[in-house]
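Trainee: I would like to understand how the words used for a structure are justified. Could we go through some of them together, setting each value against its rule?

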Amino acid sequence: MQVLESLLNDFTKELGPINKTADLLNLKAKYIGKQGPLADVMKNLKDATPEEKRTIGAKANELKQQIEALFSQKMQEIELADINASLEKDKIDISLTDSMLEKGLQAAGYHPVTIIQQEIEDIFISMGFEVLDGPHIEDDYHNFEALNIPATHPARDMQDTFWFADKKHLLRTHTSTIQVRGMKERKPPFRFVGPGKVFRCERTDASHEMVFHQLEGMMVGENVSVGNLIYFMKTLLTEIFKKEVEVRLRPGFFPFVEPGFELDIKCLICGGKGCSVCKQVGWVELLPCGMVHPNVLKAGGIDPEKYNGFAFGLGLDRLVMMRYGIDDIRHLHGADLRFNSQFKSF
Ligand code: FA5
């Protein structure tokens, strides 16, 4: 009983200055662990009288509970103190002031692809288009099947695809997937654009990346014509470049459009003389487009006898390169602040 009576006092005294979890656990083990005084008392109880067993046993239990309660309370205090200390340490002052800039800290800015994307969205919104989004991880149906590219179609090889191990899912190779989802969710007439990242297992060079950006556009109604398509494409380019740019339209093959076109822009890096960006041809492929194939309308739940439409898939990174005179697409993904901070934000 004497041992037990002094135990709580001793524990409380030692507990006071502790401020680390490890020390606290050690202290608990010292008092109520297997080798501790409480365990000793319990072991020696076998030689005691039944009366002693009852009183000492009860006292020992009560003591154990008291020590455990004090232990838990202290543990909570330590954990709270730890959280507060790390919050204090990780505190960031987000109000970056001029004086901090003078000390050489960089102000954040928008990436040039974001700037152009935002500008194009605004241009299309002003012409009555909605802006849609879509997932990066897609299935075969949305990336190929619904776009008139069945399993055995050779056009599947036009875009080298990153497949997931289940062979059913993939990283979308183009933003045309947004067309499929957009059509299913609305009734004609409608018009929308859908910007986003796309992924292709390609070798990189001055004008090719594995991860790049496209902006899909679609307009469906009762009498949509190639004339409408050309009008919207021209308006887009004049707004973006703020000047007349030379373009050429040539036939292009995409299973999801008929007829299909390639809209090229005279290379603004070399002025058409030939360089690594335009692969010495003087023109850059920028804006494939065409009239939506009847099979694609059908897959989208739209009657091709009644409605028709156009679609296009703008290469955003190349447009950025033309607008700012960037001679290698890889600069866009280099994460070099000296490069990124040169562009004015919207
Ligand atoms: C397509 O992806 C079609 N889905 C576009 C389309 C939509 C056609 C609707 C008709 C109707 P293409 O594979 O050509 O097409 O890519 C479109 C644009 O993305 C190209 O003109 C080019 O500007 C850009 N692009 C293609 N591959 C790369 C790449 N590896 N790196 C950077 N830009 C690329």
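Trainee: How do you know that the reach of helix H6 is close to what is expected?

Mentor: In this predicted model, H6 covers residues 112–126, which makes 15 residues, and from its first C-alpha to its last it reaches 21 Å. The expected span takes 1.5 Å for one less than the number of residues, and this gives 21 Å for H6, so the two values agree closely.

Trainee: What makes Ile116 and Ile120 in H6 count as buried?

Mentor: The word applies to a relative accessible area under 20%, and Ile116 and Ile120 are among the residues of H6 that fall in this class, as are Glu119 and Phe124. In general, residues three or four places apart in an α-helix point the same way, because there are 3.6 residues a turn.

Trainee: Why is the lining of the largest cavity called mostly nonpolar?

Mentor: The lining includes Phe144, Ile149, Met158 and Gln159. Phe, Ile and Met count as nonpolar, whereas Gln does not and is therefore polar, and the whole lining divides into 7 nonpolar, 1 polar and no charged residues. The cavity itself has a volume of about 40 Å³.

Trainee: What makes the pairing of Ser176 with the ligand a polar contact?

Mentor: The limit for a pair of N or O atoms is 3.5 Å, and a polar side-chain atom of Ser176 lies 2.9 Å from a nitrogen atom of the ligand, so the pair qualifies. By the same rule Gln214 qualifies, because its polar side-chain atom lies 3.1 Å from an oxygen atom of the ligand.

Note on methods:
Residues are numbered from 1 along each chain as its sequence is written. This is a predicted model: local features need pLDDT of at least 70, side-chain atom pairs count only at pLDDT 80 or more; totals for chains, interfaces and linings use all residues. Side-chain values use heavy atoms; hydrogens and water are left out. Helices (H or I, at least four residues) and strands (E, at least two) are DSSP runs, numbered from the N terminus. Buried means under 20% relative accessible area, exposed over 50%, partly exposed in between (1.4 Å probe, protein chains only). On a 1 Å grid over the protein atoms alone, a cavity is a set of points where a 1.4 Å probe fits but cannot get out, and a pocket is an open set with protein on both sides within 12 Å along at least five of seven lines; lining residues have an atom within 4 Å of a point. Grid points are joined across faces, edges and corners, and a volume is the space filled by probe spheres set on the points. A polar contact is a pair of N or O atoms within 3.5 Å; within protein, one must be able to donate a hydrogen and the other to accept it, and residues adjacent in sequence count only if both atoms are side-chain atoms.
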